[in-house]
Amino acid sequence: MSVGDGSDSVTAYQTSRGRNYPALRQFTVFLENRVGQLLEVVKRFEGTGIRICALSISDAAECAFVRFLVSDADRGREILERSGLAIIETDLIGVELPTGPQPLLRVCTALLQAELNIVQAYPLLVRPHGKPAVAIMVENIDFAMKTLQEKGFQILTEGDLEDNPINEQ
């Protein structure tokens, strides 16, 4: 797609992020705090080929905040929007946990050394590249990704969540 400003120059830009964009899109859905509400959201993905790759639930008195990552964020957003659910879309960092003792400690230490605060974190249900991974929300995602990459951590892209079977071990 191209955009013109009335002059002879034209600026090209891409309207979608692409599967190799180095951040994962999290969807937060607000649900009434009553039995069966989570099931209703999960059932919306049945038969679509889209898998829920990570899930976190924060319960409050009257509502629950369900945060999740799906294997195809663009199609996942469409499904949620068509269902009429109130959603918020946020970028997270997906990071593979390194081998060895205390891998999460190494990730947290790297971010602390860069004075970056972790706002949310939860494990991925899929194991891209056969390794455990976490989704992390930080205050400055670009700086956090740069910091983690410089320290040798593998950052996951949305493409890493596609077509990766959930390990059944």
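The legends below walk you through several close-up views of this predicted model.

Before you start, note that residues are numbered from 1 along each chain as its sequence is written. In this predicted model, local features need pLDDT of at least 70 and side-chain atom pairs count only at pLDDT 80 or more, while totals for chains, interfaces and linings use all residues, and side-chain values use heavy atoms, with hydrogens and water left out.

**View 1. The whole fold has four helices and nine strands.** Helices (H or I, at least four residues) and strands (E, at least two) are DSSP runs, numbered from the N terminus. Following the sequence, you meet them in the pattern β-β-β-α-β-β-α-β-α-β-β-α-β. Of the 169 residues, 39% are buried; buried means under 20% relative accessible area, exposed over 50%, and partly exposed in between (1.4 Å probe, protein chains only). A contact means heavy atoms within 4.5 Å. Among contacts between residues at least 6 apart in sequence, 69% join residues at least 24 apart.

**View 2. Arg 25 meets two acidic partners, Asp 74 and Glu 158.** A salt bridge is a side-chain nitrogen of Lys or Arg within 4 Å of a carboxyl oxygen of Asp or Glu, and the protein has eight of them. Between Arg 25 and Asp 74, the closest N and O atoms are 2.8 Å apart. This pair links strand 3 with helix 2 (residues 73-82), across 49 residues of chain. The salt bridge from Arg 25 to Glu 158 spans 2.6 Å, N to O. Glu 158 lies in the segment after strand 9 (155-156), so this pair ties together parts that are 133 residues apart in sequence. Is Asp 74 buried or partly exposed? Asp 74 counts as partly exposed because its relative accessibility is 29%, whereas Arg 25 and Glu 158 are both buried. Arg 25, Asp 74, Arg 77, Glu 89 and Glu 158 are linked in a network of salt bridges.

**View 3. Gln 26 sits in strand 3 (residues 24-32).** Gln 26 is buried because its relative accessibility is 0%. Its side chain makes a polar contact with the side chain of Tyr 122 at 2.8 Å. Such a contact is a pair of N or O atoms within 3.5 Å; within protein, one must be able to donate a hydrogen and the other to accept it, and residues adjacent in sequence count only if both atoms are side-chain atoms. Leaving out residues up to four places away in sequence, Gln 26 touches several others, including Phe 68, Ile 88 and Met 137.

**View 4. The largest nonpolar core brings together 18 residues.** A nonpolar core is a set of buried Ala, Val, Leu, Ile, Met, Phe, Trp, Tyr and Cys residues joined through side-chain atoms within 4.5 Å. Those with the most contacts inside this core include Ile 93, Val 107 and Leu 148. Strand 6 (87-96), helix 3 (103-113), strand 8 (133-138) and helix 4 (141-150) each supply at least two of its residues. Which element gives the largest share of this core? Helix 4 does, with four residues. A second, separate core of 14 residues includes Val 66, Val 70, Ile 79 and Leu 80.

**View 5. Pro 103 lies in helix 3.** The C-alpha atoms of Pro 103 and Pro 132 are separated by 9.7 Å, with the two residues 29 apart along the chain. Setting aside neighbours within four places in sequence, Pro 103 is in contact with Leu 97 and Pro 98.
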